[in-house]
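Trainee: I should like to learn how to read the domains of a protein and the contact between them. May we work through an example together?

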Amino acid sequence: MVKPRVYVTRIIPQAGLEMVREFCEAEVWEGEMPPPRQVLMEKVKGVDGLLSLLTDPIDAEVMDAAGPQLKVISNYAVGYDNIDVAAATARGIIVTNTPGVLTDTTADFAFTLLMAAARRVVEGMDYVRAGKWLTWGPTLLLGRDVHHATLGLIGMGRIGSGMARRAQGFEMRVLYYDPYCPPEKGEALGAQSVELNTLLAESDFVSVHVPLTPETHHMLGVEQFKMMKSSAILINTARGPIVDPDALYAALKNGEIAYAALDVTEPEPLPADHKLLTLPNLIVCPHIASASIATRTKMATMAAENLIAGLKGEMPPNPVNPEVLKGE
Ligand code: DGY
């Protein structure tokens, strides 16, 4: 039997790659950086399936370069803002993602950032490394309490809910803004639904958990930072462009908010000479919230299952545009 041809845009954990290789004739991009656009356009020609990463913009041009036989685009991520889903749907291509498996790992990391910012962990480490630790000091590196503080969640989907559950252990008051979340769900998590402006005005910690869409692009900008407490800490583990980076820089510099901890940035990667990195009240990590060994392995097997099902013409376990196969 002739195996379907697929292109995999980066080396993913072995368990997933083995599944792909067993069922498909797979070409895998082995570079550390994503395949350059021209390479991608060339490599996709004639493939039946594509296993992509969030670093690969997959638009109509790429789909057309692949050709009409392209059946499935399996994204190795829960977010799929890198894919033009409407263009895929119009071409009868099923798009899939990896929801669920990374929820707790990502919520763990968002909470890690929250605590690290509140208690100035990174500044503490820098202080020790710089040889400045000469004695115990009553006012040395004073931070802010997490326990009994107010946490504002923008987005109460899987990861936002995971944050609400974690916050219970710290006896936090939890507010959330999510027009798509039924109030009963929030109540069951001990969280109170509020308008965005109320959340911004009342929260000690604001954590972002919405997908990047045209509606959420720069959802936090100049106006929103002005509404926040001057003691507030912003955490973003969702997507960089949800926060306007110039507005964030000004807010941190001028003391409109106290601190930010970001796992995602705009641009991404953030260049080492970016003005945000001159600020002492900022933590930035290189988009690693889902980066645990177990989770990245589960994402790989899930992406492989989605890819293989799509190639077989079956409904994959995690379709983003199921209407393609339902014939709607
Ligand atoms: C995702 O899956 O969308 C994360 O950003 C990376 O795991």
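Mentor: We shall take the overall form, then the domains, then their interface. This is a predicted model, in which local features need pLDDT of at least 70 and side-chain atom pairs count only at pLDDT 80 or more, while totals for chains, interfaces and linings use all residues. Residues are numbered from 1 along each chain as its sequence is written, and side-chain values use heavy atoms, with hydrogens and water left out.

Trainee: What does the radius of gyration of the protein say?

Mentor: The radius is taken over C-alpha atoms, and the globule rule is 2.2 Å times the number of residues to the power 0.38. For 328 residues a compact globule would have a value near 20 Å, and the 22 Å of the protein agrees with this. The C-alpha trace spans about 75 × 50 × 35 Å along its principal axes.

Trainee: Which domains is the protein divided into?

Mentor: Bounds come from an automatic or database domain assignment. Domain 1 covers 5-101 + 293-326, and domain 2 covers 103-284. Contact (heavy atoms within 4.5 Å) takes 8 residues from domain 1 and 5 residues from domain 2.

Trainee: How is the size of an interface given?

Mentor: It is often given as the accessible area lost when the parts come together. Here the buried area (1.4 Å probe, summed over both parts) is about 560 Å², and carbon and sulfur atoms give 43% of that area.

Trainee: How many salt bridges are counted between domain 1 and domain 2?

Mentor: A salt bridge needs a side-chain nitrogen of Lys or Arg within 4 Å of a carboxyl oxygen of Asp or Glu. The count between domain 1 and domain 2 is 1. R239 forms a salt bridge with D81, with 2.9 Å between the closest N and O atoms.

Key:
Buried area is the accessible area (1.4 Å probe) that two parts lose on being put together, summed over both.
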